[in-house]
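Me: I'm new to this one and would like a close look at a single part of it, told as one connected story. Could you pick a spot and work outwards from there?

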Amino acid sequence: MSSSAPALSLSNVVFSWDRHAHPIQIPNLVLDRGEKVLVLGPSGSGKSTMLGLVYGTLVPHSGRVTVAGQDMTALSARRRDGVRAEHVGVIFQQFNLIPHASALDNVLLALRFAPQRRKRTPDAEDAARNMLADLGLPETDACRSAGQLSVGQQQRVAAARALIGSPELLVADEPTSSLDRANQNRFMDLVLSQAQQQGSSILLVSHDERLAKHFDRVIEMGSGQSEDHMSC
Ligand SMILES: Nc1ncnc2c1ncn2[C@@H]1O[C@H](COP(=O)(O)OP(=O)(O)OP(=O)(O)O)[C@@H](O)[C@H]1O
């Protein structure tokens, strides 16, 4: 990995779920180290698909996606998994926590397949506890099963899991959709200040333009209208 490479770069990316669907096209998107970018777009405009292309669960039909200088489009699925574990922290819309594991173990899991992130986190358990506390999870909740936590608390665990070990890039899919406005702002401030302290770039997708004030740059996705195929 080149330390001067942007955290993320997409060039001439084209992807379509099937031949009838309107393709998702991203001609050029570069996130420099530490940059915070919000992607806005209505439901169905392709925001989650774009994130799939960024973290390598989807591969574009053409174009190039690089993460921390590594060309995801040139790698096998297994190696893409490795790059993602090492360089990308993800906050999913539904958090994707392991419900029976503790909040702490959910956070520590992010380091298991990421040797560089683990190396940057010598005392991993302390770091995970501190990260959870900094994100507003009371210490007494760190050992509770993730499935027993409130939605807001699970959200903090998901954010701590994404940020631990200072990945170059944090991607988040509508991470505040289940919070009221005051908690949305508080949560965004906490996540952004943690990311800034670590030098992680952020790519966050949402339909909520009120989040724009937290970001350096806003990108709009098109409406993503499909062609007319009304029969099933
Ligand atoms: N697994 C899939 N198979 C086929 N088509 C899909 C799949 N996932 C998404 N799509 C289609 O791709 C388009 C973009 O969907 P996507 O979920 O990326 O949009 P979005 O902007 O994230 O929407 P939302 O804000 O509602 O989550 C939609 O037309 C959707 O039907």
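Reply: Let's start at F95, which counts as buried because 20 C-beta neighbours lie inside 10 Å of it. A residue needs 20 or more of those neighbours to be called buried, so F95 makes the cut. Keep in mind as we go that this is a predicted model. F95 belongs to the loop that runs between β6 (88-91) and α3 (103-108). There's something else to notice about its backbone: F95 isn't a glycine, yet its phi is positive, about 70°.

Now hop over to another loop, the one between β7 and α7 (181-198), where you'll find E174. E174 also has a positive phi without being a glycine, this time near 45°. How buried or exposed is E174? With 18 other C-beta atoms within 10 Å, E174 is partly exposed.

β7 leads us on to helix α1, since β7 (169-173) is among the elements that cover the buried residues of α1. The helix spans residues 47-54, and its buried residues are K47, M50, L51, L53 and V54. Seen down the axis of α1, these buried residues fall within an arc of 155°, so they line one face of the helix. If that seems odd for a list with gaps in it, remember that an α-helix has 3.6 residues a turn, so residues three or four places apart point the same way. Besides β7, the cover over those buried residues includes β1, β2 (24-31), β3 (36-40), β4 and β8 (201-206). After α1 comes G56, with a positive phi near 85°.

K47 has a second role in the picture. It is one of the residues that come nearest to the ligand, together with W17, S43, S48 and T49. There are 12 residues around the ligand, and that shell divides into 10 polar, 1 nonpolar and 1 charged.

Three of the strands in that cover, β1, β2 and β4, also turn up in an open sheet of 4 strands, ordered β2-β1-β4-β5, with antiparallel pairing. The edges of this sheet are β2 and β5, each of which pairs on one side only. Further in, β1 (residues 8-15) and β4 (residues 62-67) run antiparallel to one another and are joined over 5 bridges. You can trace two of the facing pairs yourself: L8 has V67 in β4 as its bridge partner, and S9 stands opposite T66 in β4.

T66 also faces the other way along the sheet, standing opposite D71 in β5. β5 covers residues 70-71 and pairs with β4, again in the antiparallel sense, over 2 bridges. The hairpin that these two strands make has 2 residues between them, and A68 there takes a positive phi near 50°.

Stepping back, the chain has 7 helices and 9 strands. Its radius of gyration is 18 Å, close to the 17 Å that the globule rule gives for 232 residues, so the chain is as compact as a globular protein of that length. Along its principal axes, the C-alpha trace spans about 55 × 40 × 35 Å. Of the 232 residues, 38% count as buried, and F95, where we began, is one of the buried ones.

Note on methods. Residues are numbered from 1 along each chain as its sequence is written. This is a predicted model: local features need pLDDT of at least 70, side-chain atom pairs count only at pLDDT 80 or more; totals for chains, interfaces and linings use all residues. A residue is near a molecule or strand if its C-beta atom, placed from the backbone, lies within 6 Å of it. Ala, Val, Leu, Ile, Met, Phe, Trp, Tyr, Cys and Pro count as nonpolar, Asp, Glu, Lys and Arg as charged, and the others, Gly among them, as polar. Two strands pair if DSSP finds at least two bridges between them. A residue is buried if 20 or more other C-beta atoms lie within 10 Å of its own, exposed if 12 or fewer, and partly exposed in between; C-beta atoms are placed from the backbone. The arc is that of the directions from the helix axis to the C-beta atoms. Two residues are in contact if their C-beta atoms, placed from the backbone, lie within 7 Å. The radius of gyration is taken over C-alpha atoms; the globule rule is 2.2 Å times the number of residues to the power 0.38.
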